[in-house]
Amino acid sequence: MNRLRIAIQKSGRLSEKSLELLREAGISLTNGSRKLLSVAQEFPVEVIYLRDDDIPQYVEDGVTDIGIVGENEFVERNCRVDLVERLGFARCRLSLAIPRSDSYQGLEDLENKRIATSYPLILNNFLHERGIKAEVHVINGSVEIAPSIGLADAIFDIVSSGSTLISNGLKEVETVMRSEAVIIANRNLGEEQQGLLQDLRFRIRSVLAASNNKYILLNAPNDRLEEIVRVIPGMKSPTVMPLAEAGWSSVHSVLSEKEFWAVIDRLRELGAQGILVIPIEKMIV
Ligand code: PRT
Ligand code: ZN
């Protein structure tokens, strides 16, 4: 039987979350990343564990059909593959940073400066677009120490919390791109592989939608019901049922994580009571 072959990172920041996402999509793998390859039981999928840097090339070459990588790696490798799904984890940004004590008025301050990075393509494209000429030095690993050892005047690297920059006496001066984990796919998948990818994407979207939404139940005084219902539109429209106590209704709906606190505050102002918020296991979208 034909299987969809997926590349995921062998060990690193993407590994656990990639496996967890597949598991939630009904694809559990025995023995995890200790092997080079594992085969799923319930869905025709096999997983190959690789270094993240190699995944875009393997997908372009068709060694694997799809892969899960950081968007930064997808852009930097510049491979002929398609970005088919954004996954929302491993969020970070690629930024320029300089020593804390250096002054900074704007990008022109980097003119003719030495910038150390592991992402020369993204950096060169950015500098070119902005008309800045600088010396780009490629370093693999520990880019953040380059200024303190006199190897560079600035760095261009991944930033997440910003604590690595702070502990190396650096400050972030420009954010160049934002990144998250993404699914990339080979451009010449056969019909069967394409069908499997569509099924997998459908499952993954249901998992992601569920984690981005909550189920909400509350009691509403009937005289404010209309306003309350307007605050929580839900998937189609909320379910409204009368309570045993006259003058009150029970309202059920779905609420997105993003607007969560703003909506809860508004509901309390409108007199909603007994508000319960429940995680959603899967949401078929
Ligand atoms: O061995 P392999 O080549 O597979 O792994 P790797 O070491 O190249 O990659 P890994 O596991 O470190 O990161 C994989 C992907 O996770 C990256 O390509 C990004 O898309 C994403 N990601 C998310 C991050 C971070 N957050 C992150 N914080 N990748 C790296 N970092 C590093 C960064 O390089 C810097 O040194 O963490 C430091 C900054 O973190 P803060 O929190 O101190 O700002
Ligand atoms: Zn890597």
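## Buried, exposed or in between

A residue is called buried when its relative accessible area is under 20%, exposed when that value is over 50%, and partly exposed in between. Asp53 has a relative accessible area of 22%, so Asp53 is partly exposed. Keep these words in mind as you look around this structure, which is a predicted model.

## The zinc site

Which residues coordinate the zinc ion (ligand 2)? Asp52 and Asp53 do this through their OD atoms, at 1.9 to 2.1 Å. You have already met Asp53 as a partly exposed residue; Asp52, at 18% relative accessibility, counts as buried.

What about the geometry? Ideal angles at a metal are 109.5 degrees when four donors sit in a tetrahedral arrangement. Around the zinc ion (ligand 2), the four donor atoms subtend angles of 73 to 178 degrees, and therefore the arrangement is irregular. One caution is useful here: water is not among the atoms, so sites may look incomplete.

## Salt bridges across the chain

Side chains of opposite charge can pair when their charged atoms come close. How many salt bridges are counted here? The count comes to 19.

One of them joins Arg5 and Glu46, with N and O 2.7 Å apart. Arg5 belongs to strand β1 (residues 4-9) and Glu46 to strand β3 (residues 45-50), so this pair ties together parts that are 41 residues apart in sequence. Are these two buried or partly exposed? Arg5 is partly exposed, at 26% relative accessible area, whereas Glu46 is buried at 10%.

Another salt bridge is formed by Glu71 and Arg86, whose closest N and O atoms are 2.9 Å apart. This pair links distant parts of the chain, with Glu71 in helix α3 (residues 71-77) and Arg86 in strand β5 (residues 82-86), 15 residues apart. Glu71 is buried, at 10% relative accessibility, and Arg86 is partly exposed, with 41%.

Next, look for Arg93 and Glu172, which form a salt bridge with closest N and O atoms 2.7 Å apart. Here the linked parts are strand β6 (residues 92-99), which holds Arg93, and strand β10 (residues 170-179), which holds Glu172; the two residues are 79 residues apart. In this pair Arg93 is the buried residue, with a relative accessible area of 18%, while Glu172 is partly exposed at 30%.

Salt bridges can also join up into a network, as they do for Arg51, Asp53, Glu73 and Arg77. Notice a familiar name: Asp53 also helps to coordinate the zinc ion (ligand 2).

## Cysteines without a bond

How many disulfides does a search of the whole structure find? The answer is zero. To see why, remember that a disulfide needs two cysteine sulfur atoms within 2.5 Å. For Cys79, the closest cysteine sulfur is that of Cys92, 18 Å away, which is too far for a bond. Turn the pair around and the result holds, because the cysteine sulfur closest to that of Cys92 is in Cys79, at 18 Å.

Both residues lie below the cut-off for buried: Cys79 has a relative accessible area of 9%, and Cys92 has 14%.

## A nonpolar patch on the surface

Finally, turn to the surface. Ile145, Ile149 and Leu151 make a nonpolar patch there of about 270 Å². Where is Ile149 found? Ile149 sits in the loop between β8 (135-138) and β9 (154-159). With 56% relative accessibility, Ile149 counts as exposed.

Notes. Residues numbered from 1 in each chain as written. Chains lettered and ligands numbered in written order. Predicted model: local features only at pLDDT ≥ 70, side-chain atom pairs only at ≥ 80, totals over all residues. Heavy atoms only, no water. Patch = residues over 30% accessible without salt bridge, like charges linked within 9 Å, V, L, I, M, F, W, Y side chains within 5 Å. Areas by Shrake-Rupley, 256 points an atom, 1.4 Å probe, with all protein chains shown as cover. Salt bridge = Lys/Arg side-chain N within 4 Å of Asp/Glu carboxyl O. Helix = DSSP H or I, 4+ residues; strand = E, 2+ residues; numbered from the N terminus. Buried < 20%, exposed > 50% of the residue type's maximum accessible area, 1.4 Å probe, protein only. Donors = N, O, S within 2.8 Å, 3.2 Å for Na, K, Ca; no water. Tetrahedral: all angles 85-135°; square planar, octahedral: opposite > 155°, others 65-115°.
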